[in-house]
Structure formats: structure tokens, C-alpha cells
Amino acid sequence: MRRLRVSILDLVSKGPSQALWGRLMQPNFASIMPQALGVWCEEAGHDVRFLCYTGREDLTRELPADTDILFVAAYTQGAQLSYALSRFYREKGVVTVLGGPHARCYPEDAARYFDYVLGFTDKPLVQDVLRDCAPHSPGLRLGAQRQPAHLPGVRQRWKFIAPTLAKTPVVKLVPMISSLGCPYTCSFCIDATVDYKPLDTAQIREDLRFLLSQVERPRVGWHDPNFGVRFDEIMAVIEEAVPAGRRIDFAAESSLALLSEPHLQRMRKNGFMAMLPGVESWYSLGGKSKTGAAAGLEKVAKVAEHLNMVLRHIPYVQANFVLGLDEDAGEEPFELTKRFVDLAPGVFPAYSLFSAFGQAAPLNLELQRAERVLPTPFHFLDNNRSINVRPKNYTWAALYENVIGLRRHSFSWRAVARRFAANRGTIPRWMNAVRALSTEGAGRIRYDSTVRGLLDSDRSLRRYFDGEATELPAFYTEQVRRDLGHWWRFLPEGALQHDQNAYLRAHDARPAAPTSVPLRRVPGREPAPLGWAARPAGATE
Ligand code: B12
Ligand code: SF4
């Protein structure tokens with residue numbers, strides 16, 4: 001195979017930006033897979049150029065078009081930027097590949113703009129793509145049968161991690177992962193149907209030792225969907241790897257059920273500084289948060305007590321909630337969350353608006369069948385700037401008013417002061433204050449209030465929200481134009497629209513194998529019998 005010039009772009013920002021928060025934190029949101037790809041491409045004998053895009057870099061200078069193939073990692077919120085970039089590079093003869101959450105959730109749409117769209121990705125699949133490396137229109141949709149059994153560790157990824165973290169001056173989180181998938185089956189989650197699989201503990205041990213040889217006091221962010229499912233095993237690895245007198249600080253997302261007091265004592269001893277458990281809703285997901293059948297107020301009291309206990313051991317605790325779920329009705333769920341904020345003042349409440357990300361989750365089929373999903377441009381699907389599901393039990397006005405009321409309560413001066421007083425340590429205290437007083441608190445209250453106002457005053461927006469019109473309101477178009485900056489002019493025609501029911505259509509058309517299409521063998525690889533396959537060039541959508 002000829003030696004290729006490979007470029008890899010990890011899109012953390014969805015457009016050019018000089019925001020301070022971005023400068024301080026964006027490099028910490030880098031993904032593991034683009035770095036893993038870099039390792040795999042080099043192992044296959046190719047030259048790799050790697051960039052984590054945080055909004056400040058000059059893309060065309062750092063990733064010039066003298067490249068044979070460009071891999072882009074994108075969340076759905078970065079889709080429009082990724083489409084514009086793909087067009088720019090394709091026009092210069094570069095072959096483009098999309099992977100990451102957007103590719104997994106909206107493969108049909110992404111295949112309109114990229115030569116390849118990858119789902120689950122392993123080393124053999126990457127080698128196939130590099131061997132094929134040719135333009136395809138529509139793009140080939142390829143995927144491994146399952147999540148990879150092995151990913152390159154920190155030592156191998158270090159040449160991509162170090163320059164990424166050099167971009168941020170203070171908090172530098174090294175991305176690690178100890179498991180893929182999740183044993184729980186929350187129907188709105190992308191991992192609801194992905195088997196839990198722990199990764200090689202010997203490699204994790206070696207990676208932690210390597211990190212200690214590079215950094216005085218490293219900080220690690222675990223990217224496991226649900227960290228610590230095999231609790232004793234992963235704690236033993238950390239205990240073996242970190243010698244007495246040395247320390248690594250850890251942050252992780254775990255379900256509340258895993259955070260018992262004995263577990264927390266051991267985590268504290270092992271350097272866990274931040275935990276981000278999911279509470280999600282007061283009426284469902286009881287197994288996950290270990291409150292059993294307790295609903296409503298009873299669950300609030302239990303969860304608050306539990307998280308206050310977590311906070312006694314771990315200095316930074318964020319509780320994740322999803323707002324607008326179908327189980328919720330009336331003001332009660334919002335009032336319960338306010339009560340929680342009062343009962344657990346030191347915990348940072350992080351709110352996600354209910355979003356249906358294409359074919360991410362089983363629940364989305366139901367929502368699409370009920371014609372409740374809106375074609376909201378991908379750019380706004382970041383769990384915050386829009387809800388793309390028409391609410392089951394609320395009018396738009398009522399939902400927005402409840403969300404705004406909850407945010408006002410959670411990020412009021414009183415709540416900020418109580419949180420400050422309940423937190424220990426400089427970073428937790430200031431991090432929470434900044435989050436509340438900037439984009440996440442005040443910024444979102446302003447944004448949601450604008451939308452709420454437009455629901456009354458802008459008929460086009462109202463009709464769009466109600467599913468009566470498909471023409472995109474100017475309010476949205478203008479934001480994408482502004483956010484993409486000079487990349488706006490490369491956004492392909494029609495790329496602000498997508499078929500919000502593509503998953504349902506694919507599913508109904510092929511009931512036996514939900515999203516598969518006829519296979520065409522990519523040279524050197526056996527076809528994978530899965531929802532992902534190669535699409536023959538020239539096939540119609
Ligand atoms: C860890 C995590 C984070 C971490 C780390 C982020 C990061 N850059 O990786 C943090 C906390 C920072 C984070 C932030 C956010 N996240 Co997040 N996060 C996750 C989580 C829990 C795990 C993802 C993961 O790393 N898995 C391990 C990897 C190895 O597996 P994988 O993701 O399945 O990837 C496979 C393939 O997709 C492919 N692949 C992945 N990347 C690439 C790249 C290329 C080029 C290729 C070819 C292939 C490829 O290979 C992998 C192996 O098969 C998922 C939920 C979940 N359970 O998966 C949500 C999830 C990915 N996050 C989500 C969201 C919405 C966000 C935020 C927008 C939230 C917010 N409002 O701030 C931000 C955006 C951050 C950003 N980069 O812009 C959504 C994404 C939905 C979507 N379609 O966009 C998810 C699915 C959760 C959900 N709501 O359902 N997140
Ligand atoms: S516990 Fe978290 S990662 Fe697991 S299925 Fe539920 S939401 Fe997804």
C-alpha cells in the first residue's frame with residue numbers, strides 16, 4: 001500500500017471562537033478515538049498530522065490540503081462545521097472520513113457529505129479505509145461489528161495528547177477509558193444496547209505508570225460511559241500503579257448505584273476529585289440511581305442525602321438531569337429538582353434538554369413513529385440550545401417557562417453563594433461559580449428567555465416548533481452563519497436540513513436488519529453483518 005498523508009481532526013469546537021471558557025477548558029474535551037486512529041495509521045506506515053480544534057486554531061494553516069485523506073471526529077453539534085470542512089477539502093482532492101457520535105447517530109445524512117462514514121471503528125476497519133482511500137458519493141457507511149476489544153493506551157497516544165493539553169494553561173485532563181458500553185439500558189441512551197466490556201487492566205496499569213513518569217501530578221478524565229462497574233478490579237489497578245507518595249487526580253461519570261460509602265472511601269484514597277453521576281429523572285431510572293420504587297419527593301430526599309454523602313468524600317460533584325422526559329408532567333418535576341438544589345447545595349446541577357439523536361437510542365424509533373421529532377439543525381443539538389422532540393405533557397411555552405424557572409433557581413445568587421460555601425477547595429468553588437455566572441447559568445437563561453419570547457412573537461418559529469412548517473426560522477439560520485464564521489460559505493446547499501425520521505425509514509424498509517444496506521466488499525476485509533455496511537457507490541438514498 002502506498003504511504004499516505006493522513007490528517008486527523010478532532011472537532012471539539014463547532015466554529016471559530018476566542019471565548020475564555022473555551023481556551024481554559026476545550027482541550028480537556030478532546031476525544032480518545034482520533035488519538036487512537038493516529039496510532040493505528042502510523043502503525044500502518046502512514047504519515048499523520050493531528051489537530052484538536054478548539055476554535056482558536058487557523059484550520060487551513062494547521063491542516064493544509066496537501067493531504068490524501070482527512071479523518072474528522074464530530075459530535076452532532078459540530079456536524080455543520082464538519083460538512084463545510086469536508087466540502088472544502090474534497091474540492092481540493094482530499095478523501096474525507098467522518099467518525100464519532102454524529103456518524104453513529106446520523107449516518108444517512110453524513111454520507112451525503114463525506115466519502116466514508118464510520119460507526120464502531122477498530123484497527124482492521126481503519127486499515128480497510130486506508131487501503132481503499134477513494135472518493136465515494138454517496139459516502140460508504142462502514143462499521144465494525146462491535147466496539148473494539150482494544151484501544152491504544154496513553155503511552156502510544158501521548159504524542160497527540162501532549163500538544164492538545166499544551167493549549168490549556170490550568171486544568172489538564174488526560175483522557176483514559178477502562179470500559180466500553182454499559183450494563184444499564186436507559187432507553188434514551190446511545191449505550192442502551194451496547195454490551196458492557198472492560199478493557200485490558202494491564203494496559204491501564206502501565207498507562208498510569210507512564211503518566212506518572214511524564215507529569216508530576218497528573219489529572220485523568222475517565223471517558224467510560226459508566227465508570228467503575230467492575231469496581232474492585234479498577235481500584236486495584238490504580239492502587240498497584242500509583243506508588244505511595246505519588247498521586248493522580250481522577251474525574252469520572254458513574255451511576256449513583258455504584259457510589260456506596262465504602263466505594264467512595266476507597267475512591268477518595270485513590271485520588272478521585274470529581275464525580276458526575278446521572279440522576280436524570282425523578283420518576284424513572286430507579287435501578288440506576290438505587291432508589292428503587294421511590295418516586296417524587298421521596299426520591300429527591302434520598303438522592304440529595306446520597307449526593308451530600310458523595311460530596312463529603314469527593315470535592316467536586318455534578319448531578320446530571322434530563323429535562324422534558326415523557327415521564328414528566330406539570331410543574332412537579334421542576335419543583336422537585338429545585339428542592340434537590342436546596343437540599344444538596346454543594347452539588348452542581350447540570351441540565352440536558354431531552355434530545356433524540358437520530359439512531360442513537362431505541363426510544364428514538366418510537367418518537368419518530370409518533371412524528372414528534374423536529375428537523376432542528378444539528379448545530380443546535382448539544383443538549384442545551386434546543387429540544388428536538390415535541391414534548392408529550394407540556395406546551396412549548398410551559399416547558400420553556402419551567403426550564404427557565406429551574407435555571408433561575410439553580411443559578412441565583414443565593415444558590416451560587418450556598419454552593420460556594422458548601423464546596424471545599426479553590427477549583428471546585430470557582431469552577432462552580434464561573435459555570436453558574438457564565439454560559440451555563442446566566443447565558444442559558446438569556447438564551448431560553450429569547451426562545452420563549454419568540455414563541456409568542458415569531459410565527460415562523462412557532463410553526464416550526466409545532467411541526468407545521470419546515471422552513472428554518474431566521475433565528476436559527478443567523479446563529480449558524482455567525483458561529484461558522486468564514487466556513488459558512490463552504491456549507492453545502494441543503495446542509496442545514498436533514499430527514500429527522502431517517503432512522504425509522506431505514507428500520508421500516510429493512511425490518512430484519514435495521515439499518516443495513518447491501519454489502520460491497522472493501523478490499524481486504526470480510527463484510528461485517530451489522531447495521532453498518534458499505535454502500536455501493538451511486539446507490540440511491
Ligand atoms: C465521555 C463522554 C463525554 C466526555 C468526553 C468527550 C469526548 N470528546 O469524548 C465529556 C464529558 C467531555 C463529554 C462532553 C459532551 N458530550 Co459526551 N459523552 C461521553 C460518553 C459518556 C462516552 C463517549 C466515549 O468516549 N465513548 C468511548 C468511545 C471509544 O466509544 P464511542 O464514543 O462509541 O466511539 C466509537 C465510534 O463512534 C467510533 N468513533 C468515535 N470517535 C471517532 C472518531 C473518528 C474520526 C472515527 C473514524 C471513529 C470514531 O469509534 C469508537 C469505537 O467503536 C457518551 C455517551 C456514551 N455512553 O457513549 C456521551 C455523548 C457522546 N456525549 C454527548 C454530548 C451531547 C456531549 C456534549 C455536547 C454535552 C454538553 N452539552 O456539553 C459535550 C460535547 C463535547 C465535545 N467534544 O464537543 C452525546 C452525543 C450525541 C451526539 N450525536 O452528538 C452522547 C452520545 C451522550 C448522549 N447525550 O446521548 N462527553
Ligand atoms: S447508565 Fe448512563 S451510560 Fe448506562 S445506559 Fe444509562 S444513561 Fe447510558
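Glu478 is partly exposed, with a relative accessible area of 38%. This residue belongs to a predicted model that holds 33 salt bridges, and Glu478 takes part in one of them, with Arg481 as its partner. A search of the whole structure finds zero disulfides. The points below cover charged pairs, cysteines, the packing of helix 10, selected contacts, a nonpolar surface patch and backbone geometry.

**Salt bridges**

- In the pair formed by Arg481 and Glu478, the closest N and O atoms are 3.3 Å apart.
- Both residues of this pair lie in helix 21 (residues 474-484), with a spacing of three residues, about one turn of the helix.
- An α-helix has 3.6 residues a turn, so residues three or four places apart point the same way.
- Arg481, like its partner, is classed as partly exposed, its relative accessible area being 37%, against 38% for Glu478.
- A salt bridge also joins the side chains of Lys167 and Glu57, at 2.6 Å from N to O.
- Lys167 is in the loop between helix 8 (154-165) and strand 7 (173-176), while Glu57 is in the loop between strand 2 (47-53) and helix 3 (59-62); the pair therefore ties together parts that are 110 residues apart in sequence.
- Lys167 is partly exposed at 25% relative accessibility, whereas Glu57 is buried at 11%.
- The side chains of Asp499 and Arg505 form a further salt bridge, with an N to O distance of 2.7 Å.
- Asp499 is partly exposed, with 32% relative accessible area.
- Arg217, Arg219, Arg247 and Asp249 are joined into one network by salt bridges that share partners.

**Cysteines**

- With zero disulfides found in the whole structure, Cys133 is in no disulfide, and the nearest cysteine sulfur, that of Cys41, is 10 Å away.
- Cys133 is buried, at 14% relative accessible area.
- Cys186 is likewise classed as buried, with a value of 11%.

**Packing of helix 10**

- Helix 10 spans residues 231-241, and its buried residues are Phe231, Ile234, Met235, Val237, Ile238 and Ala241.
- Viewed down the helix axis, these buried residues fall within an arc of 155°, so they line one face of helix 10.
- The elements against which the buried residues of helix 10 pack include three strands by name: strand 10 (219-222), strand 11 (249-252) and strand 12 (272-275).
- Helix 9 (201-214) and helix 11 (261-269) are also among the packing partners of these residues.

**Contacts of Tyr196 and Asn432**

- Tyr196 is located in the loop between strand 8 (179-180) and strand 9 (197-198).
- The C-alpha atoms of Tyr196 and Ser179 are 7.1 Å apart in space, although the two residues are 17 residues apart in sequence.
- Residues up to four places away in sequence being left out, Tyr196 touches Ser179, Leu180, Gly181, Cys182, Pro183, Val229 and Arg230.
- Asn432 is part of helix 18 (residues 426-437), and Asn432 counts as buried at 3% relative accessibility.
- Beyond its neighbours within four places in sequence, Asn432 is in contact with Tyr316, Gly346, Phe348, Arg419 and Asn423.

**Nonpolar surface patch**

- Trp21, Phe29 and Val434 form a nonpolar patch on the surface, and together they have about 260 Å² of accessible area.
- Phe29 of this patch sits in the loop between helix 1 (20-25) and helix 2 (32-43).
- The relative accessibility of Phe29 is 41%, so this residue counts as partly exposed.

**Backbone geometry**

- Most residues other than glycine have a negative phi, and most peptide bonds are trans.
- The peptide bond from Ser137 to Pro138 is cis, with omega near -5°.
- Pro138 is found in the loop between helix 7 (123-132) and strand 6 (140-142).
- Glu371 is not a glycine, yet has a positive phi of about 55°.
- Asn383, also not a glycine, has a positive phi of about 75°.
- Glu371 lies in the loop between helix 15 (362-369) and helix 16 (396-410), and Asn383 is placed in the loop between helix 15 and helix 16.
- Glu371 is exposed, with 58% relative accessible area, whereas Asn383 is partly exposed, with 26%.

Technical notes
Residues are numbered from 1 along each chain as its sequence is written. Chains are lettered from A and ligands numbered from 1 in the order in which they are written. This is a predicted model: local features need pLDDT of at least 70, side-chain atom pairs count only at pLDDT 80 or more; totals for chains, interfaces and linings use all residues. Side-chain values use heavy atoms; hydrogens and water are left out. Patches are made of residues with over 30% relative accessible area and no salt bridge: like charges are joined within 9 Å, nonpolar side chains (Val, Leu, Ile, Met, Phe, Trp, Tyr) within 5 Å. Accessible areas come from the Shrake-Rupley method with a 1.4 Å probe; for residues, only the protein chains shown count as cover. A salt bridge is a side-chain nitrogen of Lys or Arg within 4 Å of a carboxyl oxygen of Asp or Glu. Helices (H or I, at least four residues) and strands (E, at least two) are DSSP runs, numbered from the N terminus. Buried means under 20% relative accessible area, exposed over 50%, partly exposed in between (1.4 Å probe, protein chains only). The arc is that of the directions from the helix axis to the C-beta atoms. Contact means heavy atoms within 4.5 Å. A disulfide is a pair of cysteine sulfur atoms within 2.5 Å.
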